[in-house]
Amino acid sequence: MPIYSWEIKTSANTEQKVRKEIEGDYITKVRVRFPPGPTGLLKVAFFYGEMQIFPYESGTYFQGDDEVIEWDEYFKMHEKPFPLTIYTKNEDESFEHSTYIIVVTKYTEELLSEII
């Protein structure tokens, strides 16, 4: 069960795409933490190629301030390694902001006990 953890810093008034290659067959948990400070001005979304996968609705974002957004997932990864792109947009014109991302993946054989 690979577990990935990243801190992504986004400079003031910028947007960026950070590409990560992850292993496994399924994304099973995602956690996005916004430390105190961005007051909703830092936006985060996850993509597979050009397709937005989290949040589900295209053009929407996770955002917050001193908040954790996490959920259990069952997203099948169609490539190995899987190219996950994390898009961040900082609408704060004065300050850099960070978000902390955790992604947990599992291989099919690790999920068999849950399926049975």
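A salt bridge is taken here as a side-chain nitrogen of Lys or Arg lying within 4 Å of a carboxyl oxygen of Asp or Glu. In the present structure, which is a predicted model, K29 and E70 form such a pair, with the closest N and O atoms 3.6 Å apart. Because K29 belongs to strand β3 and E70 to strand β7, this salt bridge ties together parts of the chain that are 41 residues apart in sequence. Both partners are partly exposed: the relative accessible area is 30% for K29 and 42% for E70. The pair is also part of a network, since salt bridges with shared partners join K29, E70 and D72.

Across the whole structure, the search returned six salt bridges. One of them connects D25 with K80, and here the closest N and O atoms are separated by 2.5 Å. Distant parts of the chain are again linked: D25 is located in the loop between β2 (14-22) and β3 (26-34), whereas K80 is located in the loop between β7 (67-76) and β8 (82-90), the two residues being 55 residues apart. The two ends of this salt bridge fall into separate accessibility classes. D25 has a relative accessible area of 8% and is therefore classed as buried, the limit for that class being under 20%. K80, at 56% relative accessibility, counts as exposed, as the corresponding limit is over 50%.

A further salt bridge is formed by R19 and E21, whose closest N and O atoms are 3.6 Å apart. Both of these residues are exposed, R19 with a relative accessibility of 54% and E21 with a relative accessible area of 52%.

A polar interaction outside the salt-bridge set was examined at H97. This residue lies in strand β9, which comprises residues 97-106. H97 is buried, its relative accessible area being 10%. The side chain of H97 makes a polar contact with the side chain of D92 at 2.9 Å. When neighbours within four places in sequence are set aside, the residues in contact with H97 are I8, K9, T10, G37, P38, L42, N90 and D92. D92 thus appears both as the polar partner of the H97 side chain and among the residues that H97 contacts beyond its sequence neighbours.

Note on methods. Residues are numbered from 1 along each chain as its sequence is written. This is a predicted model: local features need pLDDT of at least 70, side-chain atom pairs count only at pLDDT 80 or more; totals for chains, interfaces and linings use all residues. Side-chain values use heavy atoms; hydrogens and water are left out. Buried means under 20% relative accessible area, exposed over 50%, partly exposed in between (1.4 Å probe, protein chains only). Helices (H or I, at least four residues) and strands (E, at least two) are DSSP runs, numbered from the N terminus. A polar contact is a pair of N or O atoms within 3.5 Å; within protein, one must be able to donate a hydrogen and the other to accept it, and residues adjacent in sequence count only if both atoms are side-chain atoms. Contact means heavy atoms within 4.5 Å.
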